[in-house]
Amino acid sequence: MSAAGDLVLTAAVRLVAQPSTPDATLPPSTVPDVDVTPGVWGFVAIAFVAVATVLIIVDMTRRVRRTRYRGEVREQIEAERAEADAAAAGLDDEPRPQLGDGPRGGLDDDGRDRPGRP
């Protein structure tokens, strides 16, 4: 093994071999709890981060929804254009109604509309 590997192994063994409980000979903490807590400014900072996070999530949701709606509208417009192109080319399967078609009326031999029968 190399010298660097031996050094890393030695450091790892020393860290693992350290006791996990604090030494009983240490004096108890003399620092008041008020000085250890985050205090008012800590609360203000965390509240600011929370409000900013909520606003960013709302904005992101709105932008994603808007992008999805734009894609749906594009697909709908493309479908309408394809349908219009097919109708213009006469490729649609539905017959077009003629003047006077239906239960009453129709076209006579000259192409004029004739009145329907009652």
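User: What area does the protein expose, and which atoms supply 62% of it?
Analyst: In this predicted model, the protein exposes about 11300 Å², and carbon and sulfur atoms supply 62% of that area. Accessible areas come from the Shrake-Rupley method with a 1.4 Å probe, only the protein chains shown counting as cover for residues. Local features need pLDDT of at least 70, side-chain atom pairs count only at pLDDT 80 or more, and totals for chains, interfaces and linings use all residues. Residues are numbered from 1 along each chain as its sequence is written, and side-chain values use heavy atoms, with hydrogens and water left out.

User: Why is Phe43 called exposed?
Analyst: Phe43, in helix 3, has a relative accessible area of 61%. Exposed means over 50%, buried under 20% and partly exposed in between; therefore Phe43 counts as exposed.

User: How many of the residues of helix 1 are buried?
Analyst: The count is zero among its 15 residues, so helix 1 is hardly covered by the under 20% criterion. Of the 118 residues of the protein, 3% count as buried.

User: What makes the span of helix 3 agree with expectation?
Analyst: Helices are DSSP runs of H or I with at least four residues, numbered from the N terminus. The expected span is 1.5 Å times one less than the number of residues. For the 50 residues of helix 3 (residues 39–88) this gives 74 Å, and the end C-alpha atoms are 74 Å apart, so the two agree. Just after helix 3, Gly90 takes a positive phi of about 75 degrees.

Terms used: Helices (H or I, at least four residues) and strands (E, at least two) are DSSP runs, numbered from the N terminus. Buried means under 20% relative accessible area, exposed over 50%, partly exposed in between (1.4 Å probe, protein chains only).
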